[in-house]
Every structure is written in structure tokens, then in C-alpha cells.
Amino acid sequence: MKKATNLRSLAAQLIERVVDKGESLSAILPTAQKTLSEKDGPLLQELCFGVMRTLPQLEALIGKLMARPLTGKQRILHYLIMVGIYQLLYTRIPAHAALAETVAGAEVLKRGNLKGLINGVLRQFQRQQETLLNDVAQGPQRYWHPGWLLKRLQHAWPEQWEQIVEANNQRPPMWLRVNRQHHSRDAWLALLQAQDKSASPGDAPDALRLDAPMAVGQLPGFNDGWITVQDLSAQRCAVLLAPENGDTILDLCAAPGGKTTHLLEIAPRASVLAVDADKQRLTRVHENLQRLGMQAEVRQGDGRTPEEWCGDQTFDRILLDAPCSATGVIRRHPDIKWLRRDRDIAELANLQRDILHAIWPRLKVGGTLLYATCSIMPEENHLQIEAFLAAHPDAEPLTLPEGGRHGWQVFPTVDGGDGFFYAKLRKK
């Protein structure tokens, strides 16, 4: 994508690629940000993530503001109007600046003849804002989730679904993991507090939640490997696996490497093999290892065919962070709501089953496997483990801090961790 001189037009283009072409915002946004200044990159992210988070509300508002939808070559302006309304509703950008920049975006998009339309729609929204917001607050769009996902949540979690939806619709908290090889959590927190910043500890031993997010460059010792950005729930994976020095450990589906490095922080003399099917994402594993000054063997490989990348090697411990619907991390990746489809859940559950069955023979007798997903769908989680235990009499479920025989389901909470599932199995 060519460098744009107008952030609103660039945001509209990215949103169009997600909604109409099914591209992942996490994949396309960083490339666009590389063309921008240090100040403009975060604003572009705020506009894109914000529109993805509130998409049904914005669609409903535009439906009331315009007699006919913009289609065909003019469709890009539909997303530009979304960006404009989002700014007026949810940002501190002065209204006059938001309007001027959004209208100017039409010129950048070579739709200068429709600047009057953009201006008119946004000014009409300003005049009727209270009435319009009350109107669209009554329908299902008030939940900001697609219908199929709402139905699944309501069916699976009739008592918790509203809490899940509420958490999904928030901006995510910023969680950090203190590298215990450099500092205790309290010692690093003192360094942060010396900068007049504050954070609160989580239930994982190395976890801190920042009271206000900040750029990683402002975190004491980030470039020296003292600290890593990682959600609380993700941090529990290495803690629950409980690696020990001397262990041979497989971190399967390891990219981008946050859990790989956490394993080595806990057990620096363990031998860790990090494997992922995505060659491009493995670059992040190497980068994380380098920043933290750690060593692990990194290989590309499909979890369904371990013989192709590890021969007959076996492991003391296996961390399987299985490919999943990512329905537990929607607040971090709000485009998931619009990229996922109902049919994906069954397909992902089949993939998880195949990987789990294929990798189980690679675990030594007496060894431990931790199965984890960032999903809140039963088919990917406790139902998956229930079926696996029925098929493998040599698999023994181990007790976790919470949850039952078939695992521990964590829901996303406003100030806590993301939605996650863990099941810990020992080979008899």
C-alpha cells in the first residue's frame, strides 16, 4: 500500500481489506504503520481497532443517516464515514479536526467529488447524535458481536455470556511479565514506580498489569530483556507446565515465542524445541529469544506430522498452545469477530484433535502435557479433552488451581486476563 498523507483514508482502506476481503488486521496494520511517524502509528491503530470493535453500531448509525448504502467503487467511503463517526464518538480528537481530516480523506481516495456527501453525513450525525444512539441501542447490534457468535456464547455459557461480551468490547489491559532471571517482580516494579508509573500484580508469579498502557520503549530494561509484554492468562501456561532444569521440552505452535521465553526464564537450563507451522511467524520467535538473550532450537513443522521435524525424539514436557478460534482474545484482536465464521469452530476442533493425538506418543512415560487455547468454545476445550481422555487410557488429568477433571476455563474480564483454557495431562 502506498503511503497515505491522511490517516483517515488509510484507516478506511485497511478496514475495507478486513471486512470485504477477509484479511487480518494484525497482518496488515504493522506494514502500514511502518510508513508513519511514531505519533501517527498508534492513532492509526486506535482508528482501525476502534472501528472493528464497534462495527455493528457504526453500521446501524450509517443505515439511519443514509437512504442508500454506498456500493461498488464508492464503498471505500462507507468505511471512511465509519472512521469519522468513530472519532466523534470515542476519541478526544476535536470535532472540527475529525471532520476536516475525514472529509479530506475523500480527496486522497480520489473521491473528491463526494466530499460534500461525507461532510453532510457527519454533520447530520452531530446534530442528531443523541437520538440516533438511543435508536441503535435497542437492537442486537448493541452487543457489537455477530449473531452466530452471540448464539454460541449464550448456549455455551448462559450465566456468563453477558460478562464475556462486556469484556470483549473493552480496550485490553496491558500485562507484563518480569524476567525473574534479572529481577523479582517487586524489584522491577520499584524501577517502574521510580518513573512515576504504577502497576498491579496478577495471580501469575511474574505478572504485572499497568495502570495505564505505555510504549515498550518506556519500560525499564525492555531492550535488555528485563520485561516482556504478555497477557496474564498466557503467562499461566509456562507456570502450569512447571518446567525444570534438565527437562527436554517441546513448545508446539510456539510463535511468536512468548511462552518459549517464559519456559526458559523459569528453567534456564532446560532444552527447549520451539516448533510452528508458520515460517514467517517463526521470525518473531528468533527476535524474542535474541532480545532476552536465550537459546532454543527453532524449527518449522506441522503438529500433525511430528516425525517430519523431530524423528523419534520424545520429551519430558510438552506445551501445546493449539490453533484455535481466538474467541478469548477478541478485545485484543476485534477483527476476529468479523473474520471468524460459525463453521470454523468444528474445523478448528478437528485440527486440534489431530495435533493432540499425533503429539501424544512424543511424550515420555511420566511426562506432562499442557493443552492450552485462547478460546472460550467448549468444542475446542473441555469437550476436546473429554474425548481425548476417553480414547487414551494412558492419559491422566492433573488437578489445576481451578476447574474440573477436564480442564480450567478462564473467561476474559475487564481488568484481568484474556479468555483461556488449560488442561494438564500426565502419561501413565
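This is a short walk through two packing arrangements, one cavity and two backbone details in this structure. Keep in mind that the model is predicted.

Let's start with the sheet. It is open and has 4 strands. Their order is 2-3-1-4, and the pairing is antiparallel. Which strands stand at the edges? They are strand 2, residues 199-201, and strand 4, residues 227-229. Each has a single partner strand, so one side of each lacks a neighbour in the sheet. Neighbouring strands here are turned by 35 degrees against each other on average, ignoring direction.

Look at the pair formed by strand 2 and strand 3. Strand 3 covers residues 207-210, and 3 bridges join it to strand 2. The two run antiparallel. Within that pair, P201 stands opposite L208 of strand 3.

What packs on this sheet? Helix 9 does, residues 185-193. This helix touches strand 1, strand 2, strand 3 and strand 4. Its direction makes about 20 degrees with that of strand 3.

Next, a helix pair. Two packed helices are described by the angle between their axes and the distance between the axes. Take helix 1, residues 7-19, and helix 4, residues 75-90. Their angle is about 115 degrees, and their axes are 8 Å apart. The crossing of helix 1 and helix 4 is right-handed. On the helix 1 side, the contact includes R8, A12, I15 and V19. On the helix 4 side, it includes I76, Y79, L80 and V83. By class, the contact of these helices has 8 nonpolar, 3 polar and 3 charged residues.

Now the cavity. The structure holds 1 cavity of 30 Å³ or more. The largest cavity has a volume of about 30 Å³. Among the residues lining it are I385, P397, R405, G407 and K424. Where does the largest share of that lining come from? Strand 12, residues 420-427, supplies it, with 3 residues. The lining divides into 6 nonpolar, 1 polar and 2 charged residues.

Last, the backbone. Most residues other than glycine have a negative phi, and most peptide bonds are trans. Two spots here are worth a look. The peptide bond from A255 to P256 is cis, with omega near 10 degrees. P256 sits in the loop between strand 5, residues 248-252, and helix 11, residues 258-266. Then there is K110. Its phi is positive, near 60 degrees, and K110 is not a glycine. You will find K110 in the loop between helix 5, residues 95-108, and helix 6, residues 115-136.

Definitions and conventions. Residues numbered from 1 in each chain as written. Predicted model: local features only at pLDDT ≥ 70, side-chain atom pairs only at ≥ 80, totals over all residues. Heavy atoms only, no water. 1 Å grid on protein atoms, 1.4 Å probe; cavity = no way out; pocket = protein on both sides within 12 Å on 5 of 7 lines; lining within 4 Å. Points joined across faces, edges and corners; volume = space filled by probe spheres on them. Nonpolar A, V, L, I, M, F, W, Y, C, P; charged D, E, K, R; others polar. Pairing = 2+ DSSP bridges. Axes fitted to C-alpha atoms, helices over the stretch in contact; angles between N-to-C directions. Contact = heavy atoms within 4.5 Å. Left-handed = near helix turned anticlockwise from the far one by under 90°.
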